[in-house]
Amino acid sequence: MRNIIILAFKNLARHKKRTIITSVAISFGIMLLIWIHGMLKWADNESQRNLKRYEFGNFTISTKAYKEDRDSFPVDMVINGSEIQKIFRIAEKTGSYASPRTGFKSMMSYKRGFGLPYIVFAIDPEKDAQVFNIKEKIMDGQYLDKNSEGILISAHCRKELGAGLGDYLVMETRTKYDTFQALTIKVVGIYDCPDPVVNRNHLFITRNMAEKNLQLEGTAAEIAFRTKNGNNEPALSLVKESLSSAGLTGLTTETWQELGSDYLTLSQTKKGGSTMIIFFIFIIVAVGIINTMLMAVFERIREIGMLRALGVRDRDIVSSFIVEAAGIGILGSLIGLILGIGVSAYSVYHGLDFTSSFKDMDYGYRTGTIFYNEWNPEMMAMAVIFGILCSVLVSIIPARKAVKMEITDSIRYI
Amino acid sequence: MKKCIVSLLTIIFVSFLAQNIFALTPEEILNKVDDNEVFDTIKYSGVMTIKKGSRRRPRVKTFQAVARGKDKAYIEFTNPGDRGTKYLKLGDELWIKGTYAERADKISGHKLRDSMMGSDYSYEDTMDNEKLVDRYKATIAGAEKVSGHDCYELDLEAKVKEITYARLKIWVDKEQFVAMKIQYFALSGMLLKEMTVDKVKKINERYFPIKVRMVNKQRKDSYTLFEMKSIVLDEPVSESMFSKQQLEK
C-alpha cells in the first residue's frame, strides 16, 4: 500500500500544472460552498431574528376575529381597554414585556402628490421600545414620545414620498366607525430597519394621537410580547393559562412562527435551493476530477500495461489512481477551505453590499441588502470531506477503465 | 307720511313672516333631495373617466349596473381590459369575479372602502343609496349659485356614529332639488373630495343627476367623471341579477 501511495503522489508531482489546475477547480467549488452556505445561514437566522425584533415579538395576543382577518388590519375587531389592563398584568406575572399596537391602512401623500398605501401602527412608544427594536434604528430626528403629534417614517417611505424630516404628510384613513379621517402630520423621525417588510410598509404614530383622531376608544388590535429569555416558552404557556383563568376566552395567541409562516415556508423552499447549489458544486468538482483522471489514464496506458506485465495487480493500479484523485481532492479542498474562511471572514465582519443589485426587489429574506456571513465550522468540515469524497468517487470509473484493456494492447497503445 | 311709514313696515313684516313661514326647513330640503335621488331600483350603462395626475392620460371604464335599494348591486365592466370583471354587493358583502377567474371571490367588508377600479369613488360610494336625512342633521348655511342654478347651501353633520363622511356641505338646486355640489369632509374637518353635477335629467317626474365629477382635493389633477346612460329607475329587477350564479355566469 505504501508503494501505491508513493506512486500516486509521484504521479501528482510529475504533472504539477495539471494537479494545480484541477485543485483550483475543486477549491473554487469548496470556497463557494462554504461562503454561500454561511451567507444563507446568516440570512435565514437574521430573518428569523428580524421577524421577532421588528414585526411580531415572540408572540401576540389578539381577538379571534382579528386573527381571521389580520391581513385587512381591521380596527373594529379589537381588544378593549379593560382586557388590555388584564393582559399587562399577565405580562408582568410572566416576566415579559408587552406592547399594544393597532395597525390601520392609510394613504400617505406629500404636497398633494400621489397617495401611497402604508400600514400605520399606533404604538405606546415606551412599551413598544421594550418589545421591538425600531427605536434603535432611528437615523434622523427622534423616536416618538408619548404625547408626540408627529409620525415616524421609514427611510424607504422618505424615498418614495420625497418627504423629509420636518415635512408635513397627509394621512388618509378610516376610524373605528369607518368614518373617513385625514390628518396633516409632521415627520418627527426617520428609521431604517433591516426588515424590508417593515421598512417598506410600516409607519408609526402614538396611541394617544390615534385615540384622539381615530375613535379607538382605548382599544388595541393586538398586544405583542417579548420574553426575557428570548424564547416563546415558558411564557407562552403561562400566558395561555392566565388568559383562560381570567376569562379572556375571546382572545387568542399566535407565535412569531405562526405569524411569519409565509416567510418560514419560503425559507424551507430556499433550503431546497441551497441543495441545488451543493449539487452544482459537485458537478464542478466531478467534471474537473473526471477530466484529469481520464487524461492520466489515457496518457499512461502503456505504463499501466507495463506494470501489469511485470505482475502488479489490477486492484493496486486502480487503488493508485484513486489515491491520486484523493490527493487532488485533499489539496483542492484545503485550498478551498482557506479561501472559504478568508471570504467568509470578510463577509462576517464587513458584509457584502447588494443594494444596487437588489434595490426594491423582494428577495424573500427579512434582511437588509448588506449580506453578512455566519461562521459554520460544521459546514466547513463537511465541505472538505465532501471535496475529497467527490474526488475519490468520480475517479473510480476512469481508474477501472485503465485495467480493462488487454495487456498486449496496452503496451502497443499509441 | 306716517301712513307711508306704517305701510312700509307692514310690507316688510309680512314679507319677513312669509319668508319664514313658507320657507323650507333643512330637513324638508334634504327630503326633497332624497325623493329625487334615492331609488328603489336602478339600471344604467355607466362610463367612468379616471384622471390621476397631470402626466397620465385619463382611463375610461364602461359598465352595466343594476341596483336595488341600498343592499343589492351588480356591476359588470364592458371596456377592453376589464371586460368580464363583475362585482356583486349583498349587504355588507362584496363578491368579485375577475375576467379570467372561474369562481367569484368574497372580499372582506373592509374592501368596500377601497377605491373602485382606481377611481375617486370607493365601492361603497358607488353603491350608496341611503337617505341623507336619516344620517345627517342639516342646517342652512346660506344661498349660492352653482353652475347657474340658485342653490341652498346646507351644512350636514353626521347624527350616527357609523358613517363614511362625518360632515358634508351640499348645495341644493332651489327648483329641482338636486344636490348640485357636495363637499366631503374628514372627521378632522379636512376637505377630501368635491362632487359637482354637470348634467341633470328628468326621469319619471324626478330630477336625477346623470353626469357628475368627483375631484379628489388631496391630489393634484385627480378626478373621476361618472356618467350614466340609458337609466331606468324604479322598474322591477329580477332577483336573479343579484345571485352568485349571475356573477359566475
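Right after helix H13(A) comes Gly351(A), and its phi is positive, near 75°. Keep in mind that you're looking at a predicted model. H13 itself covers residues 314-349 of chain A, and you can check its length with a bit of arithmetic: at 1.5 Å a residue, its 36 residues should span 52 Å, and the end C-alpha atoms are indeed 52 Å apart, so the two agree.

Now zoom out to the whole of chain A. It has 16 helices and 12 strands. Its radius of gyration is 31 Å, well over the 22 Å that the globule rule gives for 414 residues, so chain A is more spread out than a compact globule. Along its principal axes, the C-alpha trace spans about 100 × 50 × 30 Å. Of the 414 residues, 44% count as buried.

Next, find strand S2(A), residues 96-109. It's mostly covered, with 11 of its 14 residues buried. Which strands does it pair with? One is S3(A), residues 116-123, joined to S2(A) antiparallel by 8 bridges; here Thr102(A) stands opposite Ala122(A). The hairpin of these two strands has 6 residues between them, and Lys111(A) takes a positive phi near 50° there. Another partner is S9(A), residues 222-227, which is antiparallel to S2(A) over 6 bridges, with Arg101(A) bridging to Glu222(A). S2(A) also pairs with S6(A), residues 168-174, in the antiparallel sense over 3 bridges, and Met108(A) sits opposite Met171(A).

Finally, look at where the chains meet: 18 residues of chain B are in contact with 20 residues of chain A. The chain B side divides into 7 nonpolar, 6 polar and 5 charged residues.

Definitions and conventions. Residues are numbered from 1 along each chain as its sequence is written. Chains are lettered from A and ligands numbered from 1 in the order in which they are written. This is a predicted model: local features need pLDDT of at least 70, side-chain atom pairs count only at pLDDT 80 or more; totals for chains, interfaces and linings use all residues. Two residues are in contact if their C-beta atoms, placed from the backbone, lie within 7 Å. Ala, Val, Leu, Ile, Met, Phe, Trp, Tyr, Cys and Pro count as nonpolar, Asp, Glu, Lys and Arg as charged, and the others, Gly among them, as polar. Helices (H or I, at least four residues) and strands (E, at least two) are DSSP runs, numbered from the N terminus. The expected span of a helix is 1.5 Å times one less than its number of residues. The radius of gyration is taken over C-alpha atoms; the globule rule is 2.2 Å times the number of residues to the power 0.38. A residue is buried if 20 or more other C-beta atoms lie within 10 Å of its own, exposed if 12 or fewer, and partly exposed in between; C-beta atoms are placed from the backbone. Two strands pair if DSSP finds at least two bridges between them.
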